[in-house]
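Please follow this walk through the structure shown here, which begins inside the protein and then turns to two of its acidic residues.

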Amino acid sequence: MDSVLVLIAARGLGAITTDMARVLNGRWLSEGEALEVPAAHEAEARKLAAGMKIDINLVPLANRRKRILLADMDSTMIQQECIDELGVVAGVGDYIKAVTA
C-alpha cells in the first residue's frame, strides 16, 4: 500500500520546523503546522517528533480527496467552549455548563 505520513501540530506552536521538513524530505501543507512526508521516513519522523505535540498519521495515497472532517471543536480547533455557548442560545445554558464542567 502506497502511503505518506502527515505530521500535524497545533497552530502557532511551531513544533514542525523547517529543519524537520528538510531532513524528512517533507512538503508543507501548512508551514509550521502540517507536513507531508514520504512513508519511508516514518521511523525518523517518529524519532524527531518524540515528546513533541505532533500527531503523525499514515495516510494511503489512493482516494485521498475527502469530503468531510470530523473533529472535536471545543478548545481543539477553536479557543472557546462552543457547546456552552450553543446551550445559552438554546435556552439551556446553565444545564449544559453543569454537564460539561
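In this predicted model, a good place to start is Leu7, which, when its neighbours within four places in sequence are left aside, is in contact with Ile16, Met20, Leu24, Glu33, Ala34, Leu35, Val37, Ile54, Asp55 and Ile56. Several of these names return when we turn to the largest nonpolar core, a set of 14 residues in which Leu5, Leu7, Ile16, Leu35, Val37, Ile54 and Ile56 touch the most other members. At least two residues of this core come from each of β1 (3–9), α1 (18–23), β3, α2 (42–49) and β4 (54–60), and the strand that gives the most is β1, with three residues.

Strand β3, which spans residues 34–38, also holds the acidic residue Glu36. Because its relative accessibility is 12%, Glu36 counts as buried, the cut-off for that term being under 20%. Once residues up to four places away in sequence are set aside, Glu36 touches Val4, Leu5, Asn25, Gly26, Arg27, Leu29 and Arg64, and among these Leu5 has already appeared as a member of the core.

The second acidic residue, Asp84, is found in helix α3, which covers residues 82–89. Is Asp84 buried or exposed, and how far away is the nearest side chain of opposite charge? Asp84 is buried yet has no salt bridge, and the nearest side chain of opposite charge, that of Lys97, is 6.1 Å away, whereas a salt bridge would call for a separation within 4 Å. Lys97 is nonetheless one of the residues that Asp84 touches, together with Ile96 and Thr100, again not counting residues up to four places away in sequence.

Methods:
Residues are numbered from 1 along each chain as its sequence is written. This is a predicted model: local features need pLDDT of at least 70, side-chain atom pairs count only at pLDDT 80 or more; totals for chains, interfaces and linings use all residues. Side-chain values use heavy atoms; hydrogens and water are left out. Helices (H or I, at least four residues) and strands (E, at least two) are DSSP runs, numbered from the N terminus. Buried means under 20% relative accessible area, exposed over 50%, partly exposed in between (1.4 Å probe, protein chains only). Lys and Arg count as positive and Asp and Glu as negative; His and the chain ends are not counted. Contact means heavy atoms within 4.5 Å. A nonpolar core is a set of buried Ala, Val, Leu, Ile, Met, Phe, Trp, Tyr and Cys residues joined through side-chain atoms within 4.5 Å.
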